[in-house]
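Biologist: I'm new to this one, so could you walk me through it, please?
Modeller: Gladly! Let's look at it together.

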Amino acid sequence: QMELVESGGGSVLAGGSLKLSCTGSGYDFSGCTVAWYRQTPGKDRILISSLGDNGATNYAASILGRFTISRGNAKDAFYLEMNSLTTEDTAVYYCAACLWPNSNPWRFRYWGQGTQVTVSS
């Protein structure tokens, strides 16, 4: 079972930016839906953005206009660029890739280990 590797988390002041990366050790994600989730203590992990194999993107209302999901030139990587960060964005962020067939609600085959993003005022 492949585990995705995340990087780019850290601490930033409100209004700042971070870019999260997720790589899959040479796995080709170009035919997969990829996504980012986040989780705060005591709450469920929630889907905040997805990017389909057809290029269609979706964003949670809380991040719309501030975050951008994208794929890299390398087929085994995708990203979440986060701008205008607020303290409400503080969470552990997880990347996920490749849906199990016919999964509803969505279930992803591959997950990252999570990376902490802390936004301070």
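Modeller: Keep in mind that this is a predicted model. A good place to begin is cysteine 22 and cysteine 95, which are both buried.

Biologist: Which bond joins cysteine 22 to cysteine 95?
Modeller: Their sulfur atoms are 2.1 Å apart. A pair counts when the sulfurs lie within 2.5 Å. The bond that joins cysteine 22 to cysteine 95 is therefore a disulfide.

Biologist: How many residues apart are the two cysteines of that pair?
Modeller: Cysteine 22 sits in strand β3, and cysteine 95 in strand β9. The pair thus links distant parts of the chain, 73 residues apart.

Biologist: Are cysteine 32 and cysteine 98 buried or exposed?
Modeller: These cysteines form a disulfide too, with sulfur atoms 2.1 Å apart. Cysteine 32 lies in the loop between β3 and β4, and cysteine 98 in strand β9. As for their surroundings, both cysteine 32 and cysteine 98 are buried.

Biologist: What is the pairing when the bonded cysteines are numbered in sequence order?
Modeller: The whole structure holds 2 disulfides. One joins cysteine 22 to cysteine 95, and the other joins cysteine 32 to cysteine 98. In sequence order, the pairing is 1-3, 2-4.

Biologist: Which element gives the largest share of the largest nonpolar core?
Modeller: That core has 27 residues, and Leu4, Trp36 and Leu80 are among those with the most contacts inside it. Elements giving two or more residues include β3, β4 and β9. The largest share, 5 residues, comes from β9.

Conventions. Residues numbered from 1 in each chain as written. Predicted model: local features only at pLDDT ≥ 70, side-chain atom pairs only at ≥ 80, totals over all residues. Heavy atoms only, no water. Core = buried A, V, L, I, M, F, W, Y, C linked by side-chain atoms within 4.5 Å. Buried < 20%, exposed > 50% of the residue type's maximum accessible area, 1.4 Å probe, protein only. Helix = DSSP H or I, 4+ residues; strand = E, 2+ residues; numbered from the N terminus.
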